[in-house]
Amino acid sequence: MTKNLAYLLFTATLLSACSTTKDLPPGQKLYTGGEVNITDKDLSKREKSLLKADMQALLRPEPNGKIGPFRFKLWVYQKTRTTKTKGLKHWLNTKFGEPPVLVSAVDLTQNSTILQNRLQNRSYFQAQVAGDTVGKKKIAKAVYTVTTGPSYKYRNIIFPTDKQVLDTAIAATASESILKKGDQYNLDAIKNERIRIDARLKEKGFYYFAPENIIVRIDSTIAGHQVDAYVKVKDDVSERARRVYTINQIYVYPRYSLRDTALKLDSAERYRWYNVIDPRRTVRPFVFKNTILLHPGEVYNRTDHNYSLNRFVELGPFKFVRNRFDDVSTTDSAKLNAFYFLTQYPRKSLSFDVLARTTSANYNGTQLNINWRNRNAFKGAEALTITLFGSTDGQISGQFGGGHALSQVGIQTTLSWPRFISPFNFKADNAYIPRTNLSVGYSIVNRSGLYNLNSFNGSFGYQWKQSVHKSHELNLINVTYVKPASVDTAYTNNIIVTRNPTLKHVIDPQFTIGPSYGYTYTNTTETYRTNTFYYNGRVSLSGTLTGLLMGADTLGGNPKKLFGSYFNQYVKLENEIRFFHKVGLKSQIAAKLIASAGLPYGNSSILPYSQQFFIGGANSLRGFRARSIGPGVVDPSQYINTEGGFIADQSGDIKLEASLEYRPHLFSIVYGALFADAGNIWNAKGHQPGGTFGPNFLSQLAADVGFGLRFDASVLVLRTDFGFPVLKPFKPINSNVNYDKMVFNLAIGYPF
């Protein structure tokens, strides 16, 4: 079998090669790429590998692209050639085809010169490169023979020693230099060193200085293949570039348009340390006190400059922000006037969103949002958003009762202030605007043929970013109130027949009130890193002080009410960690760990249904249907009513989940996946036999393995996964439920 497969692959490759070379012009050969051979024996394997990879990337032209051994685009080009300028063949030829890259298009001399220059820029000053072509029949490649010679290293890095202000400032940055004694000479490092010095000088008021004002002179006459590097200021640098500038006056134009040419300084309104020029008073002047970080009399620095620009954008009402500094220096002092020209969005807007979606419960459907927004509601950059929404979803491959569609209509109103609303004065001096958010909403949830739920929610709290990696969310109060509006007799009958506590828990009234805090750290946007990391943690409380003051104790027979309703009391802690490791240019290994728990106490014996955890489905354990696992060793099929019954979504107070996934890049926008998932949920207290968390929890984990494809078009990722159960925490009681079947998941976006 193996021999036959190898033979077929060899034959297919040979036929593909023949089919893409037989139509070449007479006397021409297909270019199959360039090869770099380094002859020096003194170089380490690692250095040779790095140099080869660097030089390979410089070779031009690039050969025809391949999918495995096949030059698919070239094949399409040759099979769809046509003289027509329209039609399917023309479209395939121009959109998917690729003309042959011929060896005659390769300029060996130019490529050799480029490689030699790169080697000299990488410390190999004596490098030599010679190129030649090697071919047979109708294909050929270019071979470049490289002799690097010795590598030159830094003996000394000498910074300016003059006592002028600019020279002294440059010398003060020497301890942070990229250039180090003993390192190999590298032109790219020198360029980065100039940029580094310029960035440090911009923090010290040298506004008009530029990296090009610095020259690094190299003395390569030192014995032993060493060099001395002299960091110097060019002789022709202007006087402005040598001066330290301070801020003079600051002017803000909140309603700027390109038609405005006059500065109108005589109409400026002074507020604190800046001036606002806004005759129509579209924005109140106090809005900018947390935005403008530069102050008159202070030395200019780039950090405060950039942070201020970012904060103007983050305020919300402004579409474009343009900044200008004018030199208003005198003979005795160097000063800048700062101008901020702000172009506003339309103040009010109305938008419609039509969404196709898939949810964590394997529900697929559509949602319509009607959004009305005022970006400057009270002239203080407050964002007022009112959203009317409606959705309908059906469950694909649901576990019994998947036909009970879920629909929802409601309204959500949010008011967001671009500052802290608090009796305390919090100062934030980074690039990000803190926000205070007030949100209230109502929705009615309908599960077709089962029940209707009224749901009210409200919250008040703060969001802020500590840095580009760290963000916080503190809600001083979250309120959720869910109450059944109507329950179908079929649903209540099923509760009686099956005695399933989960079914009843779904329609129990829920009243949560309390604070929450969330913290997120992530550097996953920094795609140049080999390893990236994401962490999200959240702690939520409900009814803590209320229950303590009222002496609430459900288990002791003393439940308490607030505003005529029993309130929930719990502490809930959630943790999610994700780790990503790059394997090659586009492939990666991804891992996820979730460890979360809620502890009901006092007025509650179990978490409210809306706060519980679920497991299984397209973004969880992909070898099991959504919400069909747990709690513990409970088999949900035991609760099936043979007379038209269904299985409720399984929920719990504690959740453990882990996933490991290899994501190789296959071709174009197509990525593969090999994955394994494990986890389960449990109740904190004895709500269901076999469902309580205990010391044997590891033996109760469910697990699956599988594979899939991802079609990643950047703006949209379509995902298919095939999951196979390998561990079940329970022995199925109902023979009508097959937990050993392969599960197909179709979803949008990566699972984590």
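The largest cavity in this predicted model is lined by P501, T502, H505, I606, Q612, S651, N683, H687 and Q688. Its volume is about 40 Å³. Looking at the character of the lining, you will find 2 nonpolar residues, 7 polar ones and no charged ones.

How many cavities of 30 Å³ or more does a search of the whole structure find? There are 2 of them. The second largest cavity holds about 30 Å³ of space, and its lining is made up of E269, V276, D278, R281, V283 and P285. Here the lining divides into 3 nonpolar and 3 charged residues, with no polar ones.

Open space comes next. The second largest pocket encloses about 560 Å³. Of its 22 lining residues, K289, N290, N425, F426 and K427 are the closest to the centre. By type, this lining has 10 nonpolar, 4 polar and 8 charged residues.

From empty space, let us turn to packed side chains. In soluble globular proteins, nonpolar side chains tend to be buried together. In this model the largest nonpolar core has 24 residues, and the members that touch the most others are I250, F288, I292, F312, L315 and Y340. Which elements each supply at least two residues of this core? They are β7 (246-253), β9 (274-276), α8 (302-315), β10 (318-327) and β11 (335-344). The largest share, 4 residues, comes from β11. For a view from inside the core, try centring on I292: apart from its neighbours within four places in sequence, I292 is in contact with I250, V252, W273, Y274, S308 and F312. A second core, separate from this one, has 23 residues, including L166, F209, V227 and A229.

Following the chain on from β7 brings you to a loop that runs between β7 and β8 (269-271) and contains R259. Is R259 buried or exposed? Its relative accessibility is 75%, so R259 counts as exposed. For a sense of distance, compare R259 with T21: the two are 238 residues apart in sequence, and their C-alpha atoms are 61 Å apart in space.

Charged pairs make up the last part of the tour, with a count of 28 salt bridges. One of these joins the side chains of E526 and R529, with an N to O distance of 2.3 Å. E526 is buried, at 15% relative accessible area, whereas R529 is partly exposed, at 32%.

Another salt bridge brings together the side chains of R622 and D721, at 3.4 Å from N to O. R622 sits in the loop between β24 (587-600) and β25 (654-663), while D721 belongs to strand β29 (residues 717-727), so this pair ties together parts that are 99 residues apart in sequence. Both R622 and D721 are buried.

R710 and E661 also form a salt bridge, their closest N and O atoms being 3.1 Å apart. Because R710 lies in strand β28 (residues 702-712) and E661 in strand β25, the pair ties together parts that are 49 residues apart in sequence. How buried are these two partners? R710 has a relative accessible area of 0% and is buried, and E661 is buried with a relative accessible area of 0%.

What links these last two pairs to further charged residues? R622, E661, R663, D677, R710, R719 and D721 are linked in a network of salt bridges.

Methods: Residues are numbered from 1 along each chain as its sequence is written. This is a predicted model: local features need pLDDT of at least 70, side-chain atom pairs count only at pLDDT 80 or more; totals for chains, interfaces and linings use all residues. Side-chain values use heavy atoms; hydrogens and water are left out. A nonpolar core is a set of buried Ala, Val, Leu, Ile, Met, Phe, Trp, Tyr and Cys residues joined through side-chain atoms within 4.5 Å. Buried means under 20% relative accessible area, exposed over 50%, partly exposed in between (1.4 Å probe, protein chains only). Contact means heavy atoms within 4.5 Å. On a 1 Å grid over the protein atoms alone, a cavity is a set of points where a 1.4 Å probe fits but cannot get out, and a pocket is an open set with protein on both sides within 12 Å along at least five of seven lines; lining residues have an atom within 4 Å of a point. Grid points are joined across faces, edges and corners, and a volume is the space filled by probe spheres set on the points. Ala, Val, Leu, Ile, Met, Phe, Trp, Tyr, Cys and Pro count as nonpolar, Asp, Glu, Lys and Arg as charged, and the others, Gly among them, as polar. A salt bridge is a side-chain nitrogen of Lys or Arg within 4 Å of a carboxyl oxygen of Asp or Glu.
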